[in-house]
Amino acid sequence: MDQLGGSGAHAAGGVIPAWRHIASIAWDRGPFNLTAFQNYQKSYHDQLSNFPEFGATAIARRRVSDYVTYDLQGSYNGYKNSVLALGVKNIFNTDPPYTNAGGQFAAGYDITYADVRGRFVYATLTLRFK
């Protein structure tokens, strides 16, 4: 098990990454807003498998790779008392890294570490009644 300051550790509820961040940059021009996000989680040592990898004679420690996704959201607030937003999560449709964790429900990926849905497009309309 790695130390928390190292490359992540497993806990009863899942992985505790040594580093995780959400970075964003925004641009505003009148009623328009555009925001880009980077979601990053550092790699960590995977839990041990029950079986050695093909061709190996012993169970080896493996690393779950870094997980990086990018999101983009644009909004328009030029109409009175309303905001229209359109966005894309995981623009490049990045698959979550393989892991031995997850059990039978989520075999192959860790739901506490990654989102398996892939690219996700959404729209929202917010209305304010005064």
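# Strands, turns and a pocket

Me: Hi! Let's start at a turn. How many residues sit between E3 and E4, and which turn residue has a positive phi?

Reply: E3 and E4 make a hairpin with 2 residues between them, and the turn residue with a positive phi, about 60°, is Gly30. One thing to keep in mind from here on: this is a predicted model.

Me: Good to know. How many bridges join E3 to E4, and which way do the two run?

Reply: They run antiparallel, joined by 10 bridges. To see one facing pair, find His21, which stands opposite Tyr40 in E4.

Me: I clicked on Ile22 right beside it. Which strand is that in, and is it buried or exposed?

Reply: Ile22 is part of strand E3. Its relative accessibility is 64%, and anything over 50% is called exposed, so Ile22 counts as exposed.

Me: And what does Ile22 touch, if I skip residues up to four places away in sequence?

Reply: Phe37, Gln38 and Asn39. You can also check Ile22 against Tyr40: they are 18 residues apart along the chain, with 6.4 Å between their C-alpha atoms.

Me: Stepping back a bit, how many helices and strands does the chain have?

Reply: There are 0 helices and 9 strands. Reading from the N terminus, the order is β-β-β-β-β-β-β-β-β.

Me: What share of the contacts join residues at least 24 apart?

Reply: Taking contacts between residues at least 6 apart in sequence, 55% of them join residues at least 24 apart.

Me: Back to E4. How many bridges join it to E7?

Reply: E4 and E7 are joined by 10 bridges and run antiparallel. Thr35, for instance, has Gln73 in E7 as its bridge partner.

Me: Which residue of E8 is the bridge partner of Gln73?

Reply: That's Gly87. So you can follow a path across the strands: Thr35 pairs with Gln73, and Gln73 pairs with Gly87 in E8. E7 and E8 run antiparallel too, with 5 bridges joining them.

Me: How many residues lie between E7 and E8?

Reply: 5 residues, and the two strands form a hairpin. Look for Asn81 in the loop between them: Asn81 has a positive phi of about 60° although it is not a glycine.

Me: How exposed is Asn81?

Reply: Its relative accessible area is 26%, which makes Asn81 partly exposed because that class lies between 20% and 50%.

Me: Which other residue that isn't glycine has a positive phi near 60°?

Reply: Asn90 has one as well. You'll find Asn90 in the loop between E8 and E9. Its relative accessibility is 5%, under the 20% cut-off, so Asn90 counts as buried.

Me: How do E8 and E9 pair?

Reply: They run antiparallel with 8 bridges between them. Leu84 stands opposite Leu125 in E9 there.

Me: Now Tyr76. Which strand is it in, and what does it contact outside its neighbours within four places?

Reply: Tyr76 is in strand E7. Its contacts are Pro31, Phe32, Ser82, Val83 and Leu84. Phe32 is 44 residues away along the chain, yet the C-alpha atoms of Tyr76 and Phe32 are separated by 4.7 Å. At 23% relative accessibility, Tyr76 is partly exposed.

Me: New topic: pockets. What's the volume of the largest one?

Reply: About 350 Å³. Its lining has 19 residues, and those closest to the centre are Asn39, Tyr67, Thr69, Ala114 and Asp115.

Me: Which strands supply at least two lining residues each?

Reply: E3, E4 and E7 each do. By class, the lining has 7 nonpolar, 7 polar and 5 charged residues.

Me: And which residues make up the largest nonpolar core?

Reply: Its 5 residues are Tyr44, Val64, Tyr67, Tyr113 and Ala114. Tyr67 and Ala114 are also among the residues closest to the pocket's centre.

Me: What does Val64 contact, leaving aside neighbours within four places?

Reply: Ser43, Tyr44, Asp46, Pro97, Tyr98, Thr99 and Tyr113. Of these, Tyr44 and Tyr113 belong to the core along with Val64.

Me: Last one: what percentage of the chain is buried?

Reply: Buried residues make up 27% of the 130 residues.

Methods:
Residues numbered from 1 in each chain as written. Predicted model: local features only at pLDDT ≥ 70, side-chain atom pairs only at ≥ 80, totals over all residues. Heavy atoms only, no water. Core = buried A, V, L, I, M, F, W, Y, C linked by side-chain atoms within 4.5 Å. Buried < 20%, exposed > 50% of the residue type's maximum accessible area, 1.4 Å probe, protein only. Contact = heavy atoms within 4.5 Å. 1 Å grid on protein atoms, 1.4 Å probe; cavity = no way out; pocket = protein on both sides within 12 Å on 5 of 7 lines; lining within 4 Å. Points joined across faces, edges and corners; volume = space filled by probe spheres on them. Helix = DSSP H or I, 4+ residues; strand = E, 2+ residues; numbered from the N terminus. Nonpolar A, V, L, I, M, F, W, Y, C, P; charged D, E, K, R; others polar. Pairing = 2+ DSSP bridges.
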